[in-house]
Amino acid sequence: MSYPRVSAVIATIGSRPELLRTAVTSIFNQDYPGHLEVVVSYDHVEIDSLSDLEVPVNRSLLTVQNTHVSGLAGGRNTGIETATGELVGFCDDDDFWFTSKISRQVELWQQRPDAVAVSSGITVRSGGKDIVRLAPETASFDDFLVSRITEIHPSAMLYRRADLVEGGRIGAVDELLPASYGEDYDLLLRATRHGEVYSVQEPLVLVLWDRPSFFAGKWQNIAAGLTYLLQKFPEFERTPKGTARIAGQVAFVHAALGNRSQALAYAQSTLRRNPLQLRAWAALPVAWGLISPDILLKAVEKTGRGL
């Protein structure tokens with residue numbers, strides 16, 4: 001078995017220094033015998049060199065300034081450009097890689113060299129509970145049209161770096177996405193036009209939901225990002241269930257923003273495509289002011305799921 005050089009990219013705004021150090025340390029502590037490089041991309045804020053961390057043998061650490069547009073997409077693109085690994089993985093600055101993540105993923109990729117990317121299951125910590133969410137063994141472009149498949153989390157992803165640079169078959173992270181919302185989903189859709197995502201059938205990443213999300217309460221950015229994705233991928237129109245899922249999300253977001261007429265219009269459009277789409281039904285009481293959107297979101301997140 002060969003051990004390709006792997007780079008882990010962490011894009012950060014520097015607001016969670018303790019969690020960031022935990023994330024970096026979890027990457028250093030991988031049982032992977034090959035070289036692991038951590039690239040921390042700071043989004044137009046002062047760089048923390050992380051010099052207090054001890055860098056083990058066969059590991060390296062680079063801290064760089066985001067030279068692209070501000071936001072998660074630009075930060076990740078800066079990290080990808082800086083990385084020297086054959087493979088590139090992402091880790092959010094408040095997540096944690098379990099010890100065997102990279103070794104298990106590289107092993108699977110060598111068994112399935114046709115994979116366009118490799119993921120894994122996750123453990124979601126929400127409401128003081130740990131919830132295991134296993135990703136499907138394989139996921140195709142059509143699968144992602146129907147569902148975001150949230151078990152395939154950005155912090156679990158591993159790509160070929162050559163695919164993600166300018167001119168690569170997938171291309172860079174889309175910096176035109178409003179506020180970078182949905183950039184990971186966009187990347188998965190573009191990637192699976194070239195092959196399937198394979199996932200290790202184990203939870204190899206701890207995802208912390210017991211903290212405020214970067215997008216918490218930023219409903220306008222969420223609505224703009226989802227609308228952008230619907231327009232970018234006309235293939236959604238061939239999957240009424242997938243279109244209804246995103247339209248239902250947009251309905252809920254407009255309801256949260258107090259845009260009652262738009263929320264009701266999107267909810268009606270959603271339910272015509274899929275009468276069982278719960279997001280559209282949830283948007284209705286929010287639009288009429290009967291319940292707070294935050295109360296509904298917190299209830300859903302306790303199950304290890306999101307909007």
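In the predicted model, strand E6, which spans residues 117–126, is mostly covered, with nine of its 10 residues buried. Strand E6 pairs with strand E10 (residues 197–208) in the parallel sense over nine bridges, and within this pairing Ser 119 has Ser 199 of E10 as its bridge partner. Strand E7 (residues 129–133) is joined to E6 by five bridges and runs antiparallel to it, with Val 124 standing opposite Ile 131 of E7. The two strands E6 and E7 form a hairpin in which two residues lie between them, and Gly 127 in the turn has a positive phi of about 60°. A further antiparallel pairing, made through two bridges, links E6 to strand E9 (residues 158–160), where Val 118 stands opposite Leu 158.

Burial is also complete along strand E1 (residues 6–12): seven of its seven residues are buried, so the strand is largely enclosed by the rest of the structure. In a regular strand the side chains alternate between the two faces of the sheet. In E1, Val 6, Ala 8, Ile 10 and Thr 12 point one way, whereas Ser 7, Val 9 and Ala 11 point the other way, and all of these residues are buried. Strand E1 pairs with strand E2 (residues 36–42) in the parallel sense over seven bridges, and the bridge partner of Ala 11 in E2 is Ser 41.

Turning to the interior, the largest nonpolar core has 51 residues, and those with the most contacts inside it are Phe 90, Phe 144, Ile 152, Tyr 159, Leu 189 and Val 197. At least two residues of this core are supplied by each of several elements, namely helix H2 (72–82), strand E4 (87–90), helix H4 (141–146), helix H6, helix H7 (219–232), helix H8 (240–257), helix H9 (260–273) and helix H10 (278–287). Helix H8 contributes the largest share of this core, six residues. A second, separate core has 34 residues, including Tyr 42, Ala 115, Ile 122 and Val 207.

Phe 144 and Leu 189, both among the residues with the most contacts inside the largest core, are 45 residues apart in sequence but 6.5 Å apart in space, C-alpha to C-alpha. Phe 144 lies in helix H4 and, at 0% relative accessibility, counts as buried. Residues up to four places away in sequence being left aside, Phe 144 touches Ala 139, Ile 149, Ile 152, Tyr 185, Leu 188, Leu 189, Thr 192, Val 197 and Arg 245. On the same basis of counting, Leu 189 touches Phe 141, Phe 144, Leu 145, Phe 233 and Phe 236.

Helix H6 (residues 183–191) has nine of its nine residues buried, so this helix is largely enclosed by the rest of the structure. The buried residues of H6 include charged side chains as well as nonpolar ones, among them Glu 183, Asp 184, Asp 186 and Arg 190 together with Leu 187, Leu 188, Leu 189 and Ala 191. Asp 186, which lies in helix H6, counts as buried at 0% relative accessibility. With residues up to four places away in sequence not counted, Asp 186 touches Asp 174, Leu 177, Leu 229, Lys 232 and Phe 233.

The helices H8, H9 and H10 are related by two crossings. The axes of H8 and H9 come within 8 Å and cross at roughly 160°, which makes H8 roughly antiparallel to H9; this crossing of H8 and H9 is left-handed. At the contact between them, Pro 240, Thr 243, Ala 244, Ala 247, Gly 248, Val 250, Ala 251, His 254 and Ala 255 in H8 meet Gln 262, Ala 263, Tyr 266, Ala 267, Thr 270 and Arg 273 in H9. The axes of H9 and H10 come within 9 Å and likewise cross at roughly 160°, which makes H9 roughly antiparallel to H10, and the crossing of H9 and H10 is also left-handed. In this case, Arg 260, Ala 263, Leu 264, Ala 267, Thr 270 and Leu 271 in H9 meet Ala 280, Trp 281, Leu 284 and Ala 287 in H10.

Technical notes. Residues are numbered from 1 along each chain as its sequence is written. This is a predicted model: local features need pLDDT of at least 70, side-chain atom pairs count only at pLDDT 80 or more; totals for chains, interfaces and linings use all residues. Side-chain values use heavy atoms; hydrogens and water are left out. Buried means under 20% relative accessible area, exposed over 50%, partly exposed in between (1.4 Å probe, protein chains only). Helices (H or I, at least four residues) and strands (E, at least two) are DSSP runs, numbered from the N terminus. Two strands pair if DSSP finds at least two bridges between them. A nonpolar core is a set of buried Ala, Val, Leu, Ile, Met, Phe, Trp, Tyr and Cys residues joined through side-chain atoms within 4.5 Å. Contact means heavy atoms within 4.5 Å. Axes are lines fitted to C-alpha atoms, for helices over the stretch in contact, and angles run from 0 to 180 degrees between N-to-C directions. Angles under 35 degrees count as roughly parallel, over 145 as roughly antiparallel, 65 to 115 as roughly perpendicular and the rest as oblique. A crossing is left-handed if the near helix is turned anticlockwise from the far one by less than a right angle, and right-handed if clockwise.
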